[in-house]
Each structure stands twice: as C-alpha cells, then as structure tokens.
Amino acid sequence: MLQIAPSFLSADFAHLERDIEILNRSEADWLHYDVMDGSFVPNISFGFPVMASLQGVVSKPMDVHMMVVHPERWIERVASYGTRMMTVHQEACPNLHRTIQQIHEAGMLAGVAINPGTPVMMLEEVICDVDLVLIMTVNPGFGGQKFIPSMLDKVRRLKAMILQRHAHALIECDGGVNLETGALLKEAGVDILVAGNSIFRSDDPVKMVHDLKNL
Ligand code: DX5
Ligand code: ZN
C-alpha cells in the first residue's frame with residue numbers, strides 16, 4: 001500500500017490547529033515539511049521555530065525536505081526536533097556521500113532529492129546508501145504546480161536501478177500529485193506520495209488521504 005505524506009506548505013496557517021487535527025486524524029504516514037531558503041529555490045517557506053512548535057503536536061513522523069544550499073549545516077538542528085527523515089538535494093550537495101553519512105550519524109533516515117532536470121544516473125554511487133529517493137515531479141519552490149508527465153519514466157528508471165542494485169531505497173514523488181497522477185505514479189513504482197494542494201484544498205482532506213493511500 002502507498003504511503004502518504006501531506007505537504008505542510010499547503011496547510012492554512014491562519015487555522016493551523018484545525019489542519020493539524022485533520023492531519024492527525026487522517027491515515028497519513030508522514031508530515032512532509034518543506035524548508036526553503038530563497039537561494040536554492042526562488043521562495044522562502046518556514047524554518048526551525050515552526051518545526052519546534054510541531055514537535056509533540058503532530059502525531060506523524062516528520063519528512064523534512066531541505067530545499068536549501070548547504071543542508072549539511074543543519075543536520076544536528078533538524079535531528080534535534082525529532083525528525084525521522086531528512087532529505088537533501090543532490091544539486092545542493094558537493095559532498096553528497098558524506099552528507100548522507102552525517103544524516104545517519106545524527107540518527108535519521110537519509111533521503112536524496114533530484115530536480116526534474118537532474119538525471120537518475122546522478123544517484124548511481126549513493127543508491128545503496130540512502131533510505132529514500134525523492135523525485136521532484138515539479139520544479140521545487142511552490143505548491144500547486146502542474147505535474148511533469150515525463151517524470152513517470154524517470155520513476156520507472158529509478159525503480160529499475162534500485163532493483164538491479166538490490167538497494168532498499170523507497171521512492172517518493174513530490175509536486176502536482178492528485179488522484180489521477182498518483183495512480184500513474186503507483187503504476188510506475190512509487191512508494192510514498194507527497195501531496196499538498198490536492199489534500200488541504202479538498203472538501204474532505206481525511207477522505208483524500210484515504211483515497212490516495214488506496215489507489
Ligand atoms: C514544492 C514542494 C512540495 C509542495 C507540493 O517545492 O516540495 O512539497 O508543497 O505541493 P503540491 O502537492 O500542491 O504540488
Ligand atoms: Zn517537498
């Protein structure tokens with residue numbers, strides 16, 4: 001069965017208590033938390049004070065997606081808020097192998113994300129070391145964008161690489177995921193779906209999580 005990670009970026013920040021309650025009540029497997037620095041991506045989201053406030057209030061494990069330059073600077077800090085999984089971008093990490101080691105040493109699962117323009121081949125040397133590969137299915141920086149269809153074939157190629165290398169990495173997709181694109185992604189071999197707008201902007205977010213999970 002698919003795992004679902006609602007994206008906190010699409011929550012209603014004026015009514016956070018309500019959206020956190022919805023999330024906790026849902027069958028979501030993770031809370032996907034997007035950190036942006038205005039440098040790696042052309043937007044700024046939220047950072048550590050919000051992460052700290054969510055600790056103990058959100059009952060789902062945190063899946064922290066770092067869209068920042070030098071993510072290695074923040075490993076200890078991210079771990080200190082009880083984060084289960086920290087994902088860094090391949091494009092932001094000149095010493096990717098070391099960064100993955102450091103995330104593990106800090107007691108977290110390690111994920112590596114790639115932008116739509118980055119080929120799967122760039123992961124060959126780390127595929128056996130990571131717990132997760134995040135395929136961006138939109139260009140990172142904003143919620144509510146349109147799914148890029150050519151990413152389906154990229155997921156298939158990543159799945160083939162994982163099987164061929166006997167790697168244990170899960171495949172996560174992020175951006176423009178809804179019931180339609182989610183079904184295509186499942187067929188292509190995805191394990192975890194991140195969804196922001198399609199969950200938080202739906203009339204019944206709890207049901208949407210259920211429906212995505214049961215695609
Ligand atoms: C985009 C973020 C996503 C975003 C997804 O850069 O990484 O997690 O919140 O939002 P939707 O599902 O609305 O495309
Ligand atoms: Zn994300």
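In this predicted model, an oxygen atom of ligand 1 sits 2.7 Å from an N or O atom in the side chain of D174. Two further polar approaches to ligand 1 involve S7, whose side chain places a polar atom 2.8 Å from an oxygen atom of the ligand, and G196, which brings a polar backbone atom to 2.8 Å from a ligand oxygen. Taken on its own, ligand 1 has 380 Å² of accessible area, and the protein covers 99% of it. The surroundings of the ligand comprise 19 residues, of which S7, D34, G141, D174 and G196 come nearest.

D174 also leads to the metal, since the zinc ion (ligand 2) is coordinated by D174 and D34 through OD atoms, by H32 through NE2 and by H65 through ND1, at 2.0 to 2.3 Å. The site has six donor atoms, and with angles of 70 to 171 degrees among them it is octahedral. For reference, the ideal angles for six octahedral donors are 90 or 180 degrees. Along the chain, the donor residues follow the spacing H-x1-D-x30-H-x108-D. Because H65 belongs to strand β3 (residues 62-67) and D174 to strand β7 (residues 170-174), this pair ties together parts that are 109 residues apart in sequence. H65 and D174 are both buried.

Moving on to helix α6, which spans residues 179-188, one finds T181, G182, L185 and A188 buried. Viewed down the axis of α6, these buried residues fall within an arc of 115 degrees, and therefore they line one face of the helix. The general geometry is that an α-helix has 3.6 residues a turn, so residues three or four places apart point the same way. On the other side of α6, by contrast, E180 and E187 are exposed.

Two loop residues deserve a look for their backbone angles. Most residues other than glycine have a negative phi. H70, however, which lies in the loop between β3 and α3 (75-80), has a positive phi near 50 degrees although this residue is not a glycine. With a relative accessibility of 34%, H70 counts as partly exposed. H166, located in the loop between α5 (151-164) and β7, likewise has a positive phi, of about 55 degrees, without being a glycine. The relative accessible area of H166 is 72%, and this residue is exposed.

Key
Residues are numbered from 1 along each chain as its sequence is written. Chains are lettered from A and ligands numbered from 1 in the order in which they are written. This is a predicted model: local features need pLDDT of at least 70, side-chain atom pairs count only at pLDDT 80 or more; totals for chains, interfaces and linings use all residues. Side-chain values use heavy atoms; hydrogens and water are left out. Donors are N, O and S atoms within 2.8 Å of the metal (3.2 Å for Na, K and Ca); water is not among the atoms, so sites may look incomplete. Four donors count as tetrahedral if all angles lie between 85 and 135 degrees; four count as square planar and six as octahedral if opposite donors are over 155 degrees apart and all others between 65 and 115; anything else is irregular. Helices (H or I, at least four residues) and strands (E, at least two) are DSSP runs, numbered from the N terminus. Buried means under 20% relative accessible area, exposed over 50%, partly exposed in between (1.4 Å probe, protein chains only). A residue is near a molecule or strand if one of its heavy atoms lies within 4 Å of it. A polar contact is a pair of N or O atoms within 3.5 Å; within protein, one must be able to donate a hydrogen and the other to accept it, and residues adjacent in sequence count only if both atoms are side-chain atoms. Accessible areas come from the Shrake-Rupley method with a 1.4 Å probe; for residues, only the protein chains shown count as cover. The arc is that of the directions from the helix axis to the C-beta atoms.
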